[in-house]
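Here is a friendly walk through one protein model, with an eye on its charged side chains. Have a look at the structure first, and then we can go through it together.

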Amino acid sequence: MNKIAKVIVYCDGGSRGNPGPSAAGVVIKSPKGEIIEEIGKFLGVGTNNYAEYSAVVVAMDRLKAMGVLQADFYLDSELVVKQLNGIYRVKNDNIKILNAKVRELAQGIEVTYTHVYRADNKQADAVVNQVLDSLK
């Protein structure tokens, strides 16, 4: 399998209601900014934090399958970024499971997690809204 040296990943999760119907949105780009893949996934009923973390899990699953060696993640959830960077500890039991899953999937990939404002994460947010809008 060919390895991919580096990708840029924008992740977002959203819930309509908290908890409510939730979805994950992932946009994987080349270092030059070209879209490699967009992934939208309905997650069932969940909280916003569950959806945000699930988006990272969905992305990591895909990166593993693609053979990615390095990934720079950008998320508009400051909480998730700080937890994944080890600045904040994870208290919620359901989120602890997702946090552990992200860390497990990230093994073998050089990963960074950076917080961005929602305005800088529009494409992943649009994917989340496409999924949630399709439920109507």
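A salt bridge here means a side-chain nitrogen of Lys or Arg within 4 Å of a carboxyl oxygen of Asp or Glu, and a residue is called buried when its relative accessible area is under 20%. With those cut-offs in hand, let us turn to Asp12 in this predicted model. Asp12 is buried but takes part in no salt bridge. The nearest side chain of opposite charge belongs to Arg118, and it is 5.6 Å away; because a salt bridge needs the atoms within 4 Å, this pair does not count.

Asp12 sits in strand β1, which covers residues 4-15. Leaving out residues up to four places away in sequence, Asp12 touches a set of neighbours that includes Glu52, Asp76, Asn121 and Asp125. Ala23, Ala24, Gly25 and Val128 are also among them.

**The overall fold**

The protein has 4 helices and 5 strands, arranged from the N terminus as β-β-β-α-β-α-α-β-α. Its radius of gyration is 14 Å, close to the 14 Å from the globule rule for 136 residues, so the protein is as compact as a globular protein of that length. Of the 136 residues, 46% are buried. Among contacts with a separation of 6 or more, 70% are between residues 24 or more positions apart. The exposed surface is about 7,200 Å², and carbon and sulfur atoms supply 49% of it.

**Where charges do pair**

Side chains of opposite charge can pair when their charged atoms come close. The protein carries 17 positive and 15 negative side chains, with the centres of the two sets 3 Å apart. A search of the whole structure finds 5 salt bridges, and the table shows some of them.

| Pair | Closest N to O distance |
|---|---|
| Asp72 and Lys6 | 3.0 Å |
| Arg16 and Asp133 | 2.9 Å |
| Glu37 and Arg62 | 2.7 Å |

What does the salt bridge between Asp72 and Lys6 tie together? Asp72 lies in strand β4 (residues 68-75) and Lys6 in strand β1, so the pair joins parts that are 66 residues apart in sequence. Asp72 counts as buried at 11% relative accessibility, whereas Lys6 is partly exposed at 28%.

Arg16, in the loop between β1 and β2, and Asp133, in helix α4, are 117 residues apart. Arg16 is partly exposed at 34%, and Asp133 is partly exposed at 38%.

Glu37 in strand β3 and Arg62 in helix α1 are 25 residues apart. Glu37 is partly exposed at 23% relative accessibility, and Arg62 is partly exposed at 29%.

Definitions and conventions: Residues are numbered from 1 along each chain as its sequence is written. This is a predicted model: local features need pLDDT of at least 70, side-chain atom pairs count only at pLDDT 80 or more; totals for chains, interfaces and linings use all residues. Side-chain values use heavy atoms; hydrogens and water are left out. Helices (H or I, at least four residues) and strands (E, at least two) are DSSP runs, numbered from the N terminus. Buried means under 20% relative accessible area, exposed over 50%, partly exposed in between (1.4 Å probe, protein chains only). Lys and Arg count as positive and Asp and Glu as negative; His and the chain ends are not counted. Contact means heavy atoms within 4.5 Å. The radius of gyration is taken over C-alpha atoms; the globule rule is 2.2 Å times the number of residues to the power 0.38. Accessible areas come from the Shrake-Rupley method with a 1.4 Å probe; for residues, only the protein chains shown count as cover. The place of a charge is taken as NZ of Lys, CZ of Arg, CG of Asp or CD of Glu.
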